[in-house]
Amino acid sequence: MYHKPVGEICTRRDPGGRPTVFQSLPRLKGCRWVTVGRLDVQTTGLLLLTTDGELANQLMHPSSELEREYSVRALGQLGDKQLSRLKSGLTLEDGLARFTELEVGAERGANRSYRVTVCEGRNRIVRRLFEAVGCKVNRLMRVRYGGVELPRDLRPGQYRDLSDSQLSQLRAACS
């Protein structure tokens with residue numbers, strides 16, 4: 001598990017010279033890191049990596065329906081109608097999407113915090129859902145992937161191995 005900071009991208013090389021998550025990981029011999037999903041350049045939080053491409057594909061495949069939980073700070077207030085639409089589903093350019101869970105958190109000035117869960121990894125789905133109801137996300141952090149939570153003591157740019165039980169749980173969840 002890796003705590004991805006803002007500004008790093010999830011590709012091997014960037015023609016623009018931006019830092020990649022792979023530059024922060026230990027070098028491997030005879031194999032390579034594979035990301036389990038991606039986080040955009042502005043999104044922080046839990047990124048799982050493996051050297052097992054088959055496992056990565058299973059964890060990302062829509063049929064696994066593994067939950068991805070995010071902490072969101074968004075500009076603007078959402079009313080009951082907007083919250084209901086986010087939970088029941090909205091049609092985006094690539095199909096129907098929704099939050100399987102949505103909790104409204106604290107208000108700070110013009111911002112409101114939310115905890116949301118999705119069961120798919122479509123490109124920028126959390127940001128696009130909020131934008132579809134007229135709300136702009138200004139901070140987004142993935143805090144959980146399946147049963148693996150981002151530890152509070154894992155700082156941005158740091159990584160650690162999953163425990164045997166976490167790895168077993170992930171394997172079981174996608175089989």
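In this predicted model, 42% of the 175 residues of the protein chain count as buried. Turn to the outside, and the protein chain exposes about 9800 Å², with carbon and sulfur atoms supplying 46% of that area. Charges are part of the picture too: there are 29 positive and 20 negative side chains, and the centres of these two sets lie 5 Å apart.

Now let's trace the fold. The protein chain contains four helices and 10 strands. If you follow the sequence from start to end, they come in the pattern β-β-β-α-β-α-β-β-β-β-α-β-β-α. The radius of gyration is 17 Å, close to the 16 Å that the globule rule gives for 175 residues, so the protein chain is as compact as a globular protein of that length. Along its principal axes, the C-alpha trace spans about 55 × 35 × 30 Å. Contacts tell you how the sequence folds back on itself: among those with a separation of 6 or more, 63% are between residues 24 or more positions apart.

Let's look inside next. The largest nonpolar core has 31 residues, and the members that touch the most others are Val72, Phe99, Tyr114, Val116, Val126 and Phe130. Several elements each supply at least two residues of this core: strand 3 (44-50), strand 4 (68-75), helix 2 (80-88), strand 5 (90-92), strand 8 (111-118), helix 3 (125-132) and strand 9 (136-145). Helix 3 gives the most, with four residues.

Phe99 is a good residue to pick out on your screen. Which residues does Phe99 contact, leaving aside its neighbours within four places in sequence? They are Leu86, Lys87, Val116, Thr117, Val118, Val126, Leu129 and Phe130. There is also a second, separate core of 14 residues, and its members include Val36, Leu46, Tyr145 and Leu154.

To finish, find Ala132, which has its place in helix 3. Is Ala132 buried, exposed or partly exposed? Its relative accessibility is 35%, and because buried means under 20% and exposed means over 50%, Ala132 counts as partly exposed. Leaving aside neighbours within four places in sequence, Ala132 is in contact with Arg85, Leu90 and Leu92. You can also compare its position with that of Tyr114: these two residues are 18 apart along the chain, and their C-alpha atoms are separated by 16 Å.

Note on methods. Residues are numbered from 1 along each chain as its sequence is written. This is a predicted model: local features need pLDDT of at least 70, side-chain atom pairs count only at pLDDT 80 or more; totals for chains, interfaces and linings use all residues. Side-chain values use heavy atoms; hydrogens and water are left out. A nonpolar core is a set of buried Ala, Val, Leu, Ile, Met, Phe, Trp, Tyr and Cys residues joined through side-chain atoms within 4.5 Å. Buried means under 20% relative accessible area, exposed over 50%, partly exposed in between (1.4 Å probe, protein chains only). Contact means heavy atoms within 4.5 Å. The radius of gyration is taken over C-alpha atoms; the globule rule is 2.2 Å times the number of residues to the power 0.38. Accessible areas come from the Shrake-Rupley method with a 1.4 Å probe; for residues, only the protein chains shown count as cover. Lys and Arg count as positive and Asp and Glu as negative; His and the chain ends are not counted. The place of a charge is taken as NZ of Lys, CZ of Arg, CG of Asp or CD of Glu.
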